[in-house]
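Visitor: I should like a close look at a single part of this structure. Please describe how that part is built and what lies around it.

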Amino acid sequence: MTLQTTKTHVVHGGTLRYMKHDSAVTGTPMTLSVFTPPGEGPFPVLIWLSGLTCTEDNFTTKAGAYRAAAEHGLVVVAPDTSPRGEGVADDPAYDLGQGAGFYVDATEQPWAPHFRMESYVADELIALIDRAFPTTGARAVSGHSMGGHGALTLALRHPDLFKSVSAFAPIGSPTRCPWGEKAFAAYLGPDRAAWAEHDAALLLASGAARGVYDDILVDQGDADSFLADQLKPELLQAAADAAGQTITLRMQPGYDHSYFFMASFIADHIAFHASRLKT
């Protein structure tokens, strides 16, 4: 497996590469973007996980992350949100199938052969980046919406891989919202005990973050149209409180679910991670 560069841009003194590779985990081609800051490195890494319907391009072009990443000396990696291509299962709805991988390893048909996004990120992508770029081996994870769910659950399920975690408008408890219930039933089957292993609020309540992460930063817009029905950040806060885990949940007045929201606070998240990745 090798990463191939498809196009390159210079931005804020660093280099932004669009890349692709054939994934042994998903059995499909996968695409991603990688920003490397100016200098020779080695650098710590921030993995960014995007939300429903997104590819690697949404964050890359809209979040405005690279000025802060260059200033703090962070590599930023943004993979696609799911396997894609001919022969890959899909669904007509936007919240299932291609573009909606939910960062789990599917166990049910027709999804199981390709939809293995947890293993893709945790086992394959990280190793590829560490081989191809001058990294320190220290890394953080963040994401938005479905990707915020992914960031939180991967950090809680793989604490050996990440030194810090943050999220924008994450799906806080997918076992208790329509998006998550639909996706988990399709990908993981009817056993809700299997669902619970991928629910950030339930993982927090179990103490999965205790002694691992000193703080978890979550930004949420209070004008987000998905706030009450799908995201439910109050469940994250309650779970953290019950477990004695510090979580900084910032309700941002007037902000919605869009990349305008992320662009407004992404520098705070990069600084949050940089302070932990460099200690």
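Guide: The account that follows starts with one strand, moves to the sheet around it, and ends with a helix and its aromatic neighbours.

The model is a predicted one, in which local features require pLDDT of at least 70 and side-chain atom pairs count only at pLDDT 80 or more, while totals for chains, interfaces and linings use all residues. Residues are numbered from 1 along each chain as its sequence is written, and side-chain values use heavy atoms, with hydrogens and water left out.

The strand chosen is β8, residues 217-221. Strands (E, at least two residues) and helices (H or I, at least four residues) are DSSP runs, numbered from the N terminus. Five of the five residues of β8 are buried, and the strand is mostly covered. Buried means under 20% relative accessible area, exposed means over 50%, and partly exposed lies in between (1.4 Å probe, protein chains only). In a regular strand, side chains alternate between the two faces of the sheet. In β8, Leu 217, Asp 219 and Gly 221 point one way, Val 218 and Gln 220 point the other way, and all are buried.

Strands pair through backbone hydrogen bonds, in either the parallel or the antiparallel sense; here, two strands count as paired if DSSP finds at least two bridges between them. One partner of β8 is β7 (residues 164-168), to which it is joined in the parallel sense over three bridges. Within β7, Phe 168 stands opposite Asp 219 of β8. Another partner is β9 (residues 248-252), which runs parallel to β8 and is joined to it by five bridges. Gly 221 has Gln 252 of β9 as its bridge partner.

These strands belong to an open sheet of nine strands with mixed pairing, in the order β1-β2-β3-β5-β4-β6-β7-β8-β9. Its edges are β1 (4-11) and β9, each of which pairs on one side only. From one strand to the next, the twist averages 20°. Such angles are taken between N-to-C directions and run from 0 to 180 degrees, the axes being lines fitted to C-alpha atoms, for helices over the stretch in contact.

Elsewhere in the sheet, β2 (residues 14-22) and β3 (residues 29-36) run antiparallel and share eight bridges. His 21 has Met 30 as its bridge partner in β3. Helix α3 (residues 117-132) packs on the sheet, touching β2, β3, β4 (43-49), β5 (75-79) and β6 (135-143), contact being heavy atoms within 4.5 Å. The direction of α3 makes about 50° with that of β3.

Beyond β9 comes the loop that leads to α10, in which Tyr 255 lies. At the N-terminal end of helix α10, Ser 258 acts as a cap, with a side-chain oxygen 3.2 Å from the backbone nitrogen of Phe 260. Helix α10 (residues 259-277) has a kink of about 50° centred on Phe 265; the bend at a residue is the angle between axes fitted to the seven residues ending there and the seven starting there. Among the buried residues of α10 are Phe 261, Met 262, Phe 265, Ile 266, His 269 and Ile 270. An α-helix has 3.6 residues a turn, so residues three or four places apart point the same way.

Aromatic rings are the last topic. Rings of Phe, Tyr and Trp (its six-membered ring) pair if their centres lie within 6.5 Å; planes under 30 degrees apart count as stacked, over 60 as edge-to-face, and the rest as tilted. The whole structure holds 14 aromatic pairs. One of them, Tyr 255 with Phe 261, is tilted, at 5.9 Å centre to centre and 45° between the planes. Tyr 255 counts as partly exposed because its relative accessibility is 28%, whereas Phe 261 counts as buried because its relative accessible area is 0%. Tyr 255 also pairs edge-to-face with Phe 265, at 5.0 Å centre to centre and 70° between the planes. That pair links distant parts of the chain, ten residues apart: Tyr 255 in the loop between β9 and α10, and Phe 265 in helix α10. With a relative accessibility of 11%, Phe 265 counts as buried. Tyr 255, Phe 261 and Phe 265 form one aromatic cluster with Phe 35, Trp 48, Phe 59, Tyr 66 and Phe 168. Phe 168 leads back to the starting point, since this residue stands opposite Asp 219 in β8.

Note on methods: Polar contact = N/O pair within 3.5 Å; in protein donor to acceptor, adjacent residues only side chain to side chain.
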